[in-house]
Amino acid sequence: MMRRFCFTLIAFMGAFNTCPALGDEKKEKDGDSYLEVQYEDTVVFESPSATSPIIRRLFVGEVVKVEEYARDPDGKTWIKITIGKKRSGYVPKSKLGPAGSLPERLWNPPVIVRDERPLAAGIRGLGELFGAGLNLRYLPLTRIGVTFSVGSVLDEWKMKGTAISGGLVSFIALENLSPMIEAGVSRVSYHDGPSILRVVSFYFTVGLEWMFRCGVYVNAGITYMRSMDVEIAVEWENANDGVTEPRNYGILGDIMQNDVFQAVRPSFGVGYGF
Amino acid sequence: MPPGERFELLSSTLDSNPRFIWLPRAAVRFLDIGPTQNKNRNSETPWMFVHGFGGSAGDFAPLIIPLSKEFRVAAIDLPGFGGSFALEEEYSVSAGAEAISDFAAAAKIEKADLVCHSLGGQICLSLALSHAPFIRSLVLINAAGVYSPSEFVRGISKRIGKINTGDIVTTRGRSIPDLISDDRTVLKRLVARDSSFFAALESFKENYRGRIRQIEVPTVVIWGRNDPVFPVENAFLLKENVDQAVLYVVEGAGHSPQMSHPDLVMNWLMEHRRRLDGAEKNKEL
């Protein structure tokens, strides 16, 4: 039993020793081998000769990909390496050593999706529109842009008027999911019979938006509005008749207090970036 | 070997007496030699050599002598140096460039391959950047004009050891002797406060480091690895910024590889000429 144990142990150790050491796998990827520049003043020559033209210099720590080995008439060993995708050159073998580490995967530069899709169009709901409408936005800078919306005021699922808004929008983060801030001016018109309530407001929205790589985005937030100007327009005939009946301006009327219009409302949007 | 002796060697080897030509601003000693008898030899595009600070055409003797067997070779001693007369006005890179231009016109040189060393390199860069029509290509050997001025001053000042009355002695490195091509008469003139030499030193302030990307002529850069005056990094700067520049570095050489390693430099000049001639033939086809 002891002998069996020893044989098993020896076999196990032998198997362990034949496994590639951690890190060896990294140095050979798909059959490629890599070396690292060890010395200052290392340059790449056009051919395996120190009197041939120099292509470029290399810096200590640069990792180069080996193509093949060559010898010059003096017996000195040179290594042919690739420089970029199209060029190759020769470096004296004495200047290179084993590569300490290699990147595990190709570096993919981060994508700033809103940079790549600065123009977006979609549907906007509630918020400063009091209904639903179309939204267009454009980000000339990575984080800041302009937004414009036009829609209809909905009250109890009936179209009661129109709304238009415009302002600046800012996305704080560069990631797909980003907080957003929007500020602007809106003009809402609520029609009730012969009269129209018009409210020009300043609005401020904070929220979150997720824009997917494919360009689709969804956002949600909270909008605060405060009126700058409130007016009631009455049809000419009624004005001449002196009709001044109190009017019911629905959701807008409910919010008005002391002729000041102030509201906090949810908002959402969905759309596509180009 | 002092520059005067180098030029004598050049003259005696080539069996020609020093000649002088009056240019608009100065009288200069010059060479214009080449195969005249053998019609098979190519002398269409001459080589023109431009020496550095404190030197003369004799600095290129190891190159001029063999080249002149096959090609037309022209060279002048820049005004105020070698055997040339002094300029009446202040020295500057542009004055040197003008002298080269005037000489090319006087010698009826339509196109030449310029080989330029040190300050001569700075003069040739100035000519190339002003699109002098007679330049077909440039060979820059440890050229001035692309160094970082503050580094240059720092580097030179580190290497001055001490000053004796009537002489300057360097105790560290070889910057000053390399810069002046070992011509100690230059040092004596510096110590004697020759104003023209101080003005010539002023010309080192002109710098083309930020403009070398505008050079359009084929360019070869040859540099001694151990140049204490203009470090080899200047060579890489030229290689990386001049379109399709070809770079050779001479291991173990200092500021004047054309003197310390003439055979290597000669081979590279011939390779350069072959490349140019091949390119021109392809254009014609």
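Q: What makes the meeting of the side chains of Arg114(A) and Glu209(A) a salt bridge?
A: A salt bridge is called when a side-chain nitrogen of Lys or Arg lies within 4 Å of a carboxyl oxygen of Asp or Glu, and because the N to O distance here is 3.1 Å, this pair qualifies. It links distant parts of the chain, with Arg114(A) in helix 3 and Glu209(A) in strand 14 of chain A, 95 residues apart; helices (H or I, at least four residues) and strands (E, at least two) are DSSP runs numbered from the N terminus. This is a predicted model, in which local features need pLDDT of at least 70, side-chain atom pairs count only at pLDDT 80 or more, and totals for chains, interfaces and linings use all residues, while side-chain values use heavy atoms and leave out hydrogens and water. Residues are numbered from 1 along each chain as its sequence is written, and chains are lettered from A and ligands numbered from 1 in the order in which they are written.

Q: Why does Arg114(A) count as buried?
A: Buried means under 20% relative accessible area, exposed means over 50%, and partly exposed lies in between (1.4 Å probe, protein chains only). Arg114(A) has 3% and therefore counts as buried, and its partner Glu209(A), at 0%, is buried by that rule too.

Q: Which strands form the closed barrel of chain A?
A: The barrel has 8 strands, running 9-10-11-12-13-14-15-16 with antiparallel pairing, and neighbouring strands of this sheet are turned by 25 degrees against each other on average, direction ignored.

Q: What makes strand 14 and strand 15 of chain A a pair?
A: Two strands pair if DSSP finds at least two bridges between them, and here 17 bridges join residues 195-211 to residues 216-234, so the condition is met. Within this antiparallel arrangement, Val200(A) has Asp229(A) in strand 15 as its bridge partner.

Q: How do you know that helix 11 of chain B has a span close to the one expected?
A: The expected span is 1.5 Å times one less than the number of residues; helix 11, with 23 residues, reaches 33 Å from its first C-alpha to its last, close to the 33 Å expected.

Q: Why is His272(B) called buried?
A: His272(B) has a relative accessible area of 3%, which means that it falls on the buried side of the cut-off. It is found in helix 11 of chain B and touches Trp47(B), Ser137(B), Leu138(B), Val139(B) and Val220(B), leaving aside residues up to four places away in sequence, where contact means heavy atoms within 4.5 Å.

Q: What area is buried between chain B and chain A?
A: Buried area is the accessible area (1.4 Å probe) that two parts lose on being put together, summed over both, and here it is about 920 Å², of which carbon and sulfur atoms give 56%. In chain B, Arg225(B), Phe236(B) and Lys239(B) lose the most area to chain A, together 40% of what that side buries.

Q: What makes the contact of Arg225(B) with Asp41(A) a salt bridge?
A: The closest N and O atoms are 3.6 Å apart, so the pair satisfies the salt-bridge rule. Arg225(B) also meets Glu251(B) in a salt bridge at 3.0 Å, N to O. Arg225(B), at 11% relative accessible area, is buried, whereas Glu251(B), at 44%, counts as partly exposed.

Methods
Axes are lines fitted to C-alpha atoms, for helices over the stretch in contact, and angles run from 0 to 180 degrees between N-to-C directions.
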